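Biologist: Before we go through this model, I would like each label to be justified by the value behind it. Could we take the terms one at a time?

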Amino acid sequence: MSEDLPLNIYQRMHKIMEDVSYVQKEDKKVNNQYKFVSHDAVTAKIRPAMLRHGVLAIPSYFDISADGNRTNCSMSITFVNVEYPEDRMSIPCAGFGQGIDPQDKGAGKAMSYAY
């Protein structure tokens, strides 16, 4: 492949994977029981590489439902080559998340976990 040709979405995703190392669990614990990797930690690690390699992630949320204080959310995601937007990779069932919150944050938690 010529060095002059632009990278396709799969090559760009490969470059991102080369740049992004393992995301470590944080020192905080949930209910003093287990450590976790936060949405913010993942975003902080992945975003610079996605910007550098020209890839945009577009989530599509579906099947959002609430049962008491539990919100469930399923999502798909499409990764777009920003240089050639018609060049994209879609993952139909990329994630599922749950948010348990007696107040108003259940949907946001579920969407963050799914993403």
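Modeller: A strand here is a DSSP run of E with at least two residues, numbered from the N terminus, and S74 lies in such a run, strand β4. Please keep in mind that this is a predicted model.

Biologist: Why is S74 called buried?

Modeller: Buried means under 20% relative accessible area, and because S74 has a relative accessible area of 12%, the label applies. Leaving aside residues up to four places away in sequence, S74 touches S60, Y61, F62, D63, G95 and F96.

Biologist: How do you know that the structure holds zero disulfides?

Modeller: A disulfide requires two cysteine sulfur atoms within 2.5 Å. The sulfur of C73 has its closest cysteine sulfur in C93, at 10 Å, which is too far for a bond, and so the count of disulfides is zero. The two cysteines also carry opposite labels, since C73 is buried at 0% relative accessibility, whereas C93 is exposed at 58%.

Biologist: What makes the pair of E83 and R12 a salt bridge?

Modeller: The rule asks for a side-chain nitrogen of Lys or Arg within 4 Å of a carboxyl oxygen of Asp or Glu, and in this pair the closest N and O atoms are 2.6 Å apart. E83 lies in the loop between β4 and β5 while R12 belongs to helix α1, so the pair ties together parts that are 71 residues apart in sequence. E83 is partly exposed at 46% relative accessibility, whereas R12 is buried at 8%.

Biologist: How many salt bridges does this rule give, and which residue does R52 pair with?

Modeller: The count comes to four. R52 forms a salt bridge with D19, the closest N and O atoms being 3.2 Å apart, and this pair links helix α2, which holds R52, to helix α1, which holds D19, across 33 residues.

Biologist: Why are G106, A110 and A114 placed on the same side of α3?

Modeller: These three residues of helix α3 are buried, and they cover an arc of only 65° around the axis, which puts them on the same side of the helix. In general, an α-helix has 3.6 residues a turn, so residues three or four places apart point the same way. The cover over the buried residues of α3 includes β4 and β5.

Methods:
Residues numbered from 1 in each chain as written. Predicted model: local features only at pLDDT ≥ 70, side-chain atom pairs only at ≥ 80, totals over all residues. Heavy atoms only, no water. Buried < 20%, exposed > 50% of the residue type's maximum accessible area, 1.4 Å probe, protein only. Helix = DSSP H or I, 4+ residues; strand = E, 2+ residues; numbered from the N terminus. Arc of directions from axis to C-beta. Contact = heavy atoms within 4.5 Å.
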